[in-house]
Amino acid sequence: MTVAARSGHIEARDLTVRFRRRDAAATTALSGFHLDVRPGEIVSVIGPNGCGKSTMLRVLAGLIAPSVGMALLDGQPIHGPDARVGLVFQEPRLLPWRTVARNIAYPVELAGLPEAERETRVKELLHRVGLADAADLRPGQLSGGMRQRAALARTLALQPEVLLLDEPFSALDAMTRERFNVELLKLWERLGTTIILVTHSIAEAIFLGDRVVVLSSRPGHVVADIRVEVPRPRTLDRLDEAAVSATAREIRAHLEANEP
Amino acid sequence: MRRSTLGAGLVGLAVFVTAWKVIVIVSGFPAYILPPPEAVGASLVQAWLDGTIEPHAAATLVEIGLGFSVGAGLAVVVGYALGRSALIARLISPYIVAAQATPILALAPVLALWFGPGLLGKVVISALIVFFPVAVSTMVGIRSVDAGLLELGRSLRASRRQVLLTLEIPAALPSIFGGLRIGVTIAVVGAIVGEWAGAQYGLGVLVNLARGSLFDTSLMFATLATIAAIGVALYLIVVLVERRLVRWR
Ligand SMILES: Nc1ncnc2c1ncn2[C@@H]1O[C@H](COP(=O)(O)OP(=O)(O)OP(=O)(O)O)[C@@H](O)[C@H]1O
Ligand SMILES: [Mg+2]
């Protein structure tokens, strides 16, 4: 886990995002948002509905330009989507006319990878997310949790250096969710990917994150940046430790202080 | 086709023919107004066997085939442009709507004048009438592409071409086929109308011949039945192609 001079350093400097609409007043989704994520770090982001978490990820993914401030990847301004950054959207966004396997293959197909390479990656990913039996089903035939897993596998297919996850496990049952948290950590231990994880689960935020960043209500900005003092490798039984509950209390206090 | 579909079709046909026969008996219409079904059936078989219908049916089929292909082909391209660009839609949709609102019967003589009494005129008329529903359904289909999927494509840095082939076309296909189903049936109407504006061969010509100089009402009905059968057959072909291409629905 100590690979020197890795890439995947994400910075958000003073981001403000305003949405202008003709029919309504402008919405300010983010305001003065700062974040610095070291290469290989996992940062959990937690905050109330509508505070701008998804918007923040879309800026980091190069999908929207901030009104003020800038986002950087390895010191370079982010001007558009980058293959090194993989985003798992809040909704699975699977192509309804493709099977699960072909959905997972979609990014590598667009990138023009050779057929054989595609096949092996897709097979591997199907197994990793537990969808090997569902490979030939279409999204309409899947449960919500299966769709989310397919969407995660699709993003992993490009082997990004930075993984932006927007509530990726929100539709999974409690047991599967814990299993996926563990799986994600294993993957991370292997690849050293930088991960920014948006979640509404305090337990998940703590279990996965090196830090937990708490956002204010809209317009979102960072109100607390809490280091999680639970040593790695982390296992599920660690969730009962005193450090965890202390951190959880702290996060909850910040969230409550922020309620409108 | 499922066997049950076929069965239902046969039952429907039997009901239709029986009702027809009952009306003939009850109303007492003379045969030159409403011929009984068996007379039309006999005439249909006869006309196919002695080669009365065949050259006319062949001519009409060619007109329909070309008219539908040209009309639908152009319509998909224009419909795509209409769906993608609000500016193009504002510029040209008034003309498309106006062309559609003008009765094709009134337009046919003009088109026949411009394009001559040969095949070309019929193809143009048929293509024109096919154009509208296919263009509109393509436009609607392209506009209905989920914005989330387009954003996904952008995040994966898909090229324009890739967006077209992997997102827009598959998403618009069900809607486009809705237009093609309508288009293929009215392509038949277009071809017949075109023939009425002047032609030597065609089922439209034969209808007029049977009614006028031949005064053979049974043959007229037999020709109408052939036209209807062509429409149904073409429609079924479109449905079958749709089933192959749009399996996910
Ligand atoms: N494309 C857009 N146009 C206009 N307003 C938008 C757009 N996208 C987001 N917003 C607004 O920005 C605000 C933040 O939205 P965002 O989706 O980032 O919230 P979120 O923190 O992800 O919420 P949730 O926890 O519910 O997912 C909301 O008020 C939303 O209405
Ligand atoms: Mg969100």
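In the predicted model, Arg93(A) and Glu151(B) form a salt bridge, with 2.6 Å between the closest N and O atoms. Two salt bridges are found across the interface of chain A and chain B, and six residue pairs, both at pLDDT 80 or more, are in polar contact between the two chains. On the side of chain A that touches chain B, the largest share comes from H2(A), with four residues. That side is made up of twelve nonpolar and seven charged residues, with no polar ones.

In terms of residues, the interface brings 19 residues of chain A into contact with 16 residues of chain B. The area buried between the two chains is about 1,700 Å², and carbon and sulfur atoms give 68% of it. In chain A, the residues that lose the most area to chain B are Arg93(A), Trp97(A) and Leu110(A), which together account for 37% of what that side buries. Arg93(A) thus appears both among these residues and in the salt bridge with Glu151(B).

The magnesium ion (ligand 2) is coordinated by the OG atom of Ser54(A) and the OE1 atom of Gln90(A), at 2.0 to 2.1 Å. Ser54(A) belongs to helix H1 (residues 53-60) of chain A, whereas Gln90(A) lies in the loop between strand E6 (85-88) and helix H2 (100-110), so the pair ties together parts that are 36 residues apart in sequence. Ser54(A) counts as partly exposed because its relative accessibility is 23%. Gln90(A), at 33% relative accessibility, likewise counts as partly exposed.

Two cis peptide bonds in chain A precede proline residues. One joins Arg218(A) and Pro219(A), with omega about -10 degrees; Pro219(A) is located in the loop between strand E9 (211-215) and strand E10 (222-227). The other runs from Arg232(A) to Pro233(A), with omega near -5 degrees, and Pro233(A) is placed in the loop between E10 and helix H7 (242-257) of chain A.

Positive phi values occur in non-glycine residues of both chains. In chain A, Glu167(A) has a phi of about 45 degrees and is situated in the loop between strand E7 (162-166) and helix H5 (174-191). Glu167(A) counts as buried because its relative accessibility is 12%, under the 20% limit. In chain B, phi of Arg157(B) is near 55 degrees; Arg157(B) lies in the loop that separates helix H7 (147-155) from helix H8 (160-196) of that chain.

Technical notes
Residues are numbered from 1 along each chain as its sequence is written. Chains are lettered from A and ligands numbered from 1 in the order in which they are written. This is a predicted model: local features need pLDDT of at least 70, side-chain atom pairs count only at pLDDT 80 or more; totals for chains, interfaces and linings use all residues. Side-chain values use heavy atoms; hydrogens and water are left out. Donors are N, O and S atoms within 2.8 Å of the metal (3.2 Å for Na, K and Ca); water is not among the atoms, so sites may look incomplete. Helices (H or I, at least four residues) and strands (E, at least two) are DSSP runs, numbered from the N terminus. Buried means under 20% relative accessible area, exposed over 50%, partly exposed in between (1.4 Å probe, protein chains only). Contact means heavy atoms within 4.5 Å. Buried area is the accessible area (1.4 Å probe) that two parts lose on being put together, summed over both. A salt bridge is a side-chain nitrogen of Lys or Arg within 4 Å of a carboxyl oxygen of Asp or Glu. A polar contact is a pair of N or O atoms within 3.5 Å; within protein, one must be able to donate a hydrogen and the other to accept it, and residues adjacent in sequence count only if both atoms are side-chain atoms. Ala, Val, Leu, Ile, Met, Phe, Trp, Tyr, Cys and Pro count as nonpolar, Asp, Glu, Lys and Arg as charged, and the others, Gly among them, as polar.
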